[in-house]
Amino acid sequence: MILTRVHPGPPESLELDAASTRDRLLDLYRPAPSPTLRLNLVASISGSAAGSDGTSDTLTSRVDRRILGVIRELSDVVLVGAASVRAEGYQVPQRARLAVLTASGDLAGHRIRPDQRESVIVLAPAEARERVLESLPGAELIIVPTTGQTIAMNNVVDALHSAGFDSIVCEGGPSLAGQLIAAGLVDELCLTTSPQLGGVTLPLLATASASRTATLTQLIVDEQGYLFARWALRAP
């Protein structure tokens with residue numbers, strides 16, 4: 001499989017299975033040295049975050065999974081919403097910790113093995129403590145303060161930074177991703193566009209927010225028509 005970095009120029013070709021490609025992808029996706037919050041998402045051409053099976057599995061590809069692994073390796077922690085854990089099972093990353101945000105503490109349906117739970121952080125309000133301990137014993141629990149009935153996104157990011165995680169990547173779902181953008185906390189969007197139309201209509205960003213300007217900093221394409229873009233988001 002050949003990947004071509006078309007922006008910025010000049011074009012550069014990479015053979016996916018070449019020994020040097022992993023190191024080159026690490027260079028191409030390395031974040032800024034300061035604390036950084038990225039979104040790493042996949043969507044169809046029609047803007048759905050889920051494919052025909054109701055999950056992102058039918059949108060992704062071998063190349064997408066390779067880039068996912070590279071971005072995770074460059075991150076201190078992978079942040080996901082509880083809905084994604086319940087819907088897609090979610091596997092614990094090999095080189096980064098997994099942080100799950102939940103307002104209710106309900107993590108039913110997770111597939112996290114008992115031997116992996118020490119690598120998992122659950123971010124939840126104080127009132128969800130008991131339910132978290134019941135549904136995912138062994139995970140680290142970080143209490144996040146609430147504003148009324150709402151968990152403010154800046155409190156979530158502050159809690160992760162306070163725990164020593166400077167480089168954060170959020171992999172969704174759409175509600176969490178949209179809230180982070182609406183709060184003006186996202187520095188970069190890494191977006192894979194799958195060459196598919198139709199399927200389940202699940203908007204990529206489920207929370208309306210003020211208009212933001214994005215700057216394309218990198219674009220890679222592969223032989224199957226997948227697009228892998230890095231977008232820098234300007235502060236609101």
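## Helix α5 and valine 156

A residue is called buried when its relative accessible area is under 20%. By that cut-off, the buried residues of α5 are Met153, Asn155, Val156, Val157, Ala159 and Leu160. The model is a predicted one, and the values below are computed from it. Glycine 164 follows α5 and has a positive phi, near 95°.

Valine 156 belongs to helix α5. Its relative accessibility is 0%, so valine 156 is classed as buried. Apart from neighbours within four places in sequence, valine 156 makes contact with Leu79, Leu101, Leu123, Val144 and Ile151. Serine 52 lies 104 residues from valine 156 along the chain, and the C-alpha atoms of the two are 32 Å apart.

## Helix α6

Helix α6 covers residues 174–182, and its buried residues are Pro174, Leu176, Ala177, Gly178, Leu180 and Ile181. Which elements do the buried residues of α6 pack against? Among the strands they meet β3 (36–44), β4 (77–81), β5 (97–101), β8 (167–170) and β11 (227–233), and among the helices α5 (153–162). After α6 comes glycine 184, with a positive phi near 70°.

## Overall form of the chain

Six helices and 11 strands make up the secondary structure of the chain. The C-alpha trace spans about 55 × 40 × 40 Å along its principal axes. For 236 residues, a compact globule would be expected to have a radius of gyration near 18 Å; the chain has 18 Å and therefore agrees with that expectation.

Of the 236 residues in the chain, 48% are buried. Among contacts with a separation of 6 or more, 60% join residues 24 or more positions apart.

## Surface and charge

The exposed area of the chain is about 11,000 Å², of which carbon and sulfur atoms supply 52%. The charged side chains number 20 positive and 25 negative. How far apart are the centres of the two sets? The separation is 1 Å.

## Strand β1: leucine 3 and arginine 5

Strand β1 runs over residues 2–7 and contains arginine 5; leucine 3 is also found in β1. Leucine 3 counts as buried because its relative accessibility is 1%. Beyond residues up to four places away in sequence, leucine 3 touches Glu12, Ser13, Leu14, Leu16, Val63, Ile220, Val221 and Asp222. From leucine 3 to threonine 21, 18 residues along the chain, the C-alpha separation is 9.8 Å.

Is arginine 5 buried or exposed? At 11% relative accessibility it is under the cut-off, so arginine 5 counts as buried. A polar atom of the arginine 5 side chain lies 2.5 Å from the backbone oxygen of proline 8. With neighbours within four places in sequence set aside, the contacts of arginine 5 are Pro10, Pro11, Glu12, Arg24, Leu28, Gln218, Leu219 and Ile220.

## Serine 167 in strand β8

Serine 167 sits in strand β8, one of the elements against which the buried residues of α6 pack. Serine 167 has a relative accessibility of 11% and is therefore buried. Which backbone oxygen lies 3.3 Å from a polar atom of the side chain of serine 167? The oxygen is that of leucine 74.

Leucine 74 also appears in the contact list of serine 167, which consists of Pro31, Thr36, Leu74, Ser75, Asp76 and Val77 once residues up to four places away in sequence are left out.

## Proline 35 in the loop before β3

Proline 35 is located in the loop between α1 (21–28) and β3. Partly exposed residues fall between the limits of under 20% for buried and over 50% for exposed. Proline 35, at 46% relative accessibility, therefore counts as partly exposed.

Outside its neighbours within four places in sequence, proline 35 is in contact with His161, Asp166 and Asp187. Glutamine 179 is 144 residues away from proline 35 along the chain, with 19 Å between their C-alpha atoms.

Methods. Residues are numbered from 1 along each chain as its sequence is written. This is a predicted model: local features need pLDDT of at least 70, side-chain atom pairs count only at pLDDT 80 or more; totals for chains, interfaces and linings use all residues. Side-chain values use heavy atoms; hydrogens and water are left out. Buried means under 20% relative accessible area, exposed over 50%, partly exposed in between (1.4 Å probe, protein chains only). Helices (H or I, at least four residues) and strands (E, at least two) are DSSP runs, numbered from the N terminus. Contact means heavy atoms within 4.5 Å. The radius of gyration is taken over C-alpha atoms; the globule rule is 2.2 Å times the number of residues to the power 0.38. Accessible areas come from the Shrake-Rupley method with a 1.4 Å probe; for residues, only the protein chains shown count as cover. Lys and Arg count as positive and Asp and Glu as negative; His and the chain ends are not counted. The place of a charge is taken as NZ of Lys, CZ of Arg, CG of Asp or CD of Glu. A polar contact is a pair of N or O atoms within 3.5 Å; within protein, one must be able to donate a hydrogen and the other to accept it, and residues adjacent in sequence count only if both atoms are side-chain atoms.
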